Amino acid sequence: SSLANVASLLDKLTSLEEEFKSIQELLEEAVNDEELQQECREEMDGLNEKKNLLEQCLIEAVIPKDEDDYGCDAILEIRAGTGGDEA
């Protein structure tokens, strides 16, 4: 199931990148249309945000979960020896 999740995320990322390229091409063609250029830039910004989110989700899906990690933080105290036989 985790492999299917990774494949799904990759498919979404690929389609998002294709959509970004098509909007980028449209932006290059819209030299004289300022309104269309603005819409393209806004759409590209939104796609960049989605891409960053998908990439983060993909990284989390690929990195194996540590079964010993229960979602808890641990505090580790390191102190110098204070003398005695151990020192």
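User: How many disulfides does the count come to?

Analyst: Zero. A disulfide is a pair of cysteine sulfur atoms within 2.5 Å, and the count by that rule is zero. The model is predicted: local features need pLDDT of at least 70, side-chain atom pairs count only at pLDDT 80 or more, and totals for chains, interfaces and linings use all residues. Residues are numbered from 1 along each chain as its sequence is written, and side-chain values use heavy atoms, with hydrogens and water left out.

User: Why is C40 called buried?

Analyst: Buried means under 20% relative accessible area, exposed over 50%, and partly exposed in between (1.4 Å probe, protein chains only). C40 has 3%, so C40 is buried.

User: What makes C57 partly exposed?

Analyst: The relative accessible area of C57 is 32%, and therefore C57 is partly exposed.

User: What makes the contact of E55 and K51 a salt bridge?

Analyst: A salt bridge needs a side-chain nitrogen of Lys or Arg within 4 Å of a carboxyl oxygen of Asp or Glu. For E55 and K51 the N to O distance is 4.0 Å. Both residues lie in helix α2, four residues apart, about one turn of the helix. Helices are DSSP runs (H or I, at least four residues), numbered from the N terminus.

User: Which residue forms a salt bridge with R79?

Analyst: E77, with the closest N and O atoms 3.8 Å apart. The whole structure has two salt bridges.

User: Why does R79 count as exposed?

Analyst: Its relative accessibility is 68%, so R79 counts as exposed. E77 also counts as exposed, because its value is 60%.

Definitions and conventions:
Helices (H or I, at least four residues) and strands (E, at least two) are DSSP runs, numbered from the N terminus.
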